[in-house]
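Take a walk through this protein, from its overall layout to its helix contacts and its sheet. Keep the sequence and the 3D view open while you read.

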Amino acid sequence: MSESSLAEMLRSRGLRLTAQRQLVLQAVLDLGHATPEQVHTAVREVAAGVNITTIYRTLELLERLGLVTHTHLSHGAPTYHAAGEHQHVHLVCRECGAIDEIRPELLGPLVDRLATERGFRVDIGHVALFGVCGHCEDGEPK
């Protein structure tokens, strides 16, 4: 998202584009999948005075604006990524912590069945499957 379109989106909601908001969004875009702590580290490389509370508040705002989304890839903090990315399912290795992605269509039969039988709509952007990656299974950690 360009700086001008982000500024316009914020202005339309009575908010302004601050350097911190721009830095947080850019960090999420650059990092791909990142916890608030990882975003904080990236932002502090550019603006040392930004605290972790500002990072959390800004991520919450950006999520309400539909610019980022989060999922829980471990028992710790949520992991954020750009909302404009293609939807994907996260594969998380319990051994090495590697995160991979698969197309949501691979879960199509399950998603369809849940909709038909339970009236339940799956939010693919928040799906994470945990297991052991091929490298760890073969004894070759990433």
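**From helices to sheet**

In the sheet, start with one pair: H90 has A128 of β5 as its bridge partner. We will come back to that pair once the surroundings are in place.

This is a predicted model. Its mean pLDDT is 86, and 94% of the residues reach 70 or more. Confidence varies by element. Helix α1, residues 3–12, has the lowest mean pLDDT of the elements, at 78. Helix α3 has the highest, at 95.

Now the inventory. The protein has six helices and five strands. Read from the N terminus, the order is α-α-α-α-β-β-β-β-α-β-α. The C-alpha trace spans about 45 × 40 × 25 Å along its principal axes.

Go next to three helices: α2 (residues 19–31), α3 (residues 36–46) and α4 (residues 52–64). Each pair among them can be taken in turn.

Begin with α2 and α3. Their axes come within 9 Å and cross at roughly 120°. An angle of that size falls outside the 65 to 115 degree range for roughly perpendicular, and the two helices are therefore oblique to each other. The crossing is right-handed. On the α2 side, the contact uses L23, V24, A27, V28 and L31. On the α3 side, these meet Q38, V39, A42, V43 and V46. By class, nine of the contact residues are nonpolar, one is polar and none is charged.

Turn to α2 and α4. Here the axes come within 10 Å, and the crossing angle is roughly 75°. The two helices are therefore roughly perpendicular to each other. From α2, the contact takes in Q20, R21, V24, L25 and V28. From α4 come T54, I55, T58, L59, L61 and L62. This contact has seven nonpolar residues, three polar ones and one charged one. Look again at V24 and V28 of α2. They take part in the contact with α4, and they also appear in the contact with α3.

The third pair is α3 and α4. Their axes come within 9 Å and cross at roughly 115°. This crossing is right-handed. P36, E37, V39, H40 and V43 of α3 meet I52, I55, Y56 and L59 of α4. Seven residues of this contact are nonpolar, one is polar and one is charged. V39 and V43 of α3 belong here, and they also meet α2. I55 and L59 of α4 touch α3, and they are listed in the α2 contact as well.

Now the sheet. Which strands form it, and in what order? Three strands make an open sheet, ordered β4-β3-β5, with mixed pairing. The edge strands are β4 (99–102) and β5 (128–131), and each pairs on one side only. On average, neighbouring strands are turned by 25° against each other, direction ignored.

How do the partners of β3 run? Strand β3, residues 89–93, is joined to β5 by four bridges, and these two strands run parallel. This is where the opening pair sits: H90 is bridged to A128 in β5. Four bridges also join β3 to β4, but this pair runs antiparallel. One of the partnerships here links V92 to I99 of β4.

Finish at the turn. β3 and β4 form a hairpin, with five residues between the strands. Within that turn, G97 has a positive phi of about 80°.

Technical notes. Residues numbered from 1 in each chain as written. Predicted model: local features only at pLDDT ≥ 70, side-chain atom pairs only at ≥ 80, totals over all residues. Heavy atoms only, no water. Pairing = 2+ DSSP bridges. Axes fitted to C-alpha atoms, helices over the stretch in contact; angles between N-to-C directions. Parallel < 35°, antiparallel > 145°, perpendicular 65-115°, else oblique. Contact = heavy atoms within 4.5 Å. Nonpolar A, V, L, I, M, F, W, Y, C, P; charged D, E, K, R; others polar. Left-handed = near helix turned anticlockwise from the far one by under 90°. pLDDT = per-residue confidence, 0-100.
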